[in-house]
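Welcome! Here is a short guided look at one protein structure, written for someone meeting it for the first time.

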Amino acid sequence: MTSNIGSDLIAKEGGMSFEQVKAEVEEELERNFRLEFLNRFDDMIVFKQLNIPDLKDIVEIMINEVHERLKPKNIELIVTERFKEKLIKEGYNPSYGARSLKRSVRRFLVDNLAEKMLNGEFKEGGTITVDVDSVTVIQWVI
């Protein structure tokens, strides 16, 4: 189970050590939940805020999952750096972490890809390149 309680504290960290931030987040949890509830958890982990390299790694993992799903159809997927940047720009919210990033990948890549495959636009054995132009319009090159 995850919670965004304390995400504002993590985001503004400002000179505090991670241990101080963790202590403040735990205090915030105690202000929002009864101790009887919190005591049911064996451990609580406070995550540091994601940075751009972290987000790029997460996007790569998600795109690799799409690659794996396309392998049985023998379809190669090429995703440009600009498109990956769009996914991060559209999908990252510091308050919500990577959850919204996953929705962005689904909305801009997976859903569009599935629709085009169902419409017969992509054939087995082909290569698909996904890019964006200067006004962030998604481009599909078959």
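The sections below cover charged pairs, charged patches, aromatic rings and one backbone angle.

## Before you start

Please keep in mind that this is a predicted model.

## Salt bridges

Side chains of opposite charge can pair when their charged atoms come close. How many salt bridges does the count come to? The count comes to eight salt bridges.

A good one to look at first joins Asp131 and Arg82, whose side chains meet at 2.6 Å, N to O. Asp131 sits in strand β2 (residues 127–132) and Arg82 in helix α5 (residues 81–91), so this pair ties together parts that are 49 residues apart in sequence. Is Asp131 buried or exposed? With a relative accessible area of 13%, Asp131 is buried, because buried means under 20%. Its partner Arg82 is partly exposed, at a relative accessible area of 46%.

Another salt bridge brings together the side chains of Lys71 and Glu68, at 3.1 Å from N to O. Here Lys71 is exposed, with a relative accessible area of 54%, while Glu68 is partly exposed at 48%. Lys116 and Glu121 also meet through their side chains in a salt bridge, at 3.4 Å from N to O. Glu121 is partly exposed, with a relative accessible area of 36%. Finally, look for Glu60, Glu81 and Lys84, which salt bridges link in a network.

## Charged patches on the surface

Which residues gather in a patch of positive charge on the surface? They are Arg99, Lys102, Arg103 and Arg106. One of them, Arg103, belongs to helix α6 (residues 99–118). Arg103 is partly exposed, and its relative accessible area is 46%.

There is a negative surface patch as well, formed by Glu19, Glu24, Glu26, Glu27, Glu30, Asp42 and Asp43. To find your way to this patch, try Glu26, which is found in helix α2 (residues 18–32). Glu26 is partly exposed, with a relative accessible area of 33%.

## Aromatic rings

The structure holds two aromatic pairs. In one of them, the rings of Phe33 and Phe37 have their centres 5.3 Å apart and their planes at 35°, so the pair is tilted. Phe33 is partly exposed, with a relative accessible area of 30%, and Phe37 also counts as partly exposed, at 34% relative accessibility.

What arrangement do the rings of Phe37 and Phe41 have? Their centres lie 5.2 Å apart and their planes stand at 80°, so this pair is edge-to-face. The cut-off behind that label is an angle over 60 degrees. Phe41 is partly exposed, at a relative accessible area of 29%. Taken together, ring pairs link Phe33, Phe37 and Phe41 into a cluster.

## A positive phi angle

Most residues other than glycine have a negative phi. Against that background, take a look at Asn74: its phi is near 55°, a positive value in a residue other than glycine.

Where is the place of Asn74? Asn74 is in the loop between α4 (52–70) and β1 (76–79). Asn74 is exposed, with a relative accessible area of 56%.

Terms used. Residues are numbered from 1 along each chain as its sequence is written. This is a predicted model: local features need pLDDT of at least 70, side-chain atom pairs count only at pLDDT 80 or more; totals for chains, interfaces and linings use all residues. Side-chain values use heavy atoms; hydrogens and water are left out. Patches are made of residues with over 30% relative accessible area and no salt bridge: like charges are joined within 9 Å, nonpolar side chains (Val, Leu, Ile, Met, Phe, Trp, Tyr) within 5 Å. Accessible areas come from the Shrake-Rupley method with a 1.4 Å probe; for residues, only the protein chains shown count as cover. A salt bridge is a side-chain nitrogen of Lys or Arg within 4 Å of a carboxyl oxygen of Asp or Glu. Lys and Arg count as positive and Asp and Glu as negative; His and the chain ends are not counted. The place of a charge is taken as NZ of Lys, CZ of Arg, CG of Asp or CD of Glu. Helices (H or I, at least four residues) and strands (E, at least two) are DSSP runs, numbered from the N terminus. Buried means under 20% relative accessible area, exposed over 50%, partly exposed in between (1.4 Å probe, protein chains only). Rings of Phe, Tyr and Trp (its six-membered ring) pair if their centres lie within 6.5 Å; planes under 30 degrees apart count as stacked, over 60 as edge-to-face and the rest as tilted.
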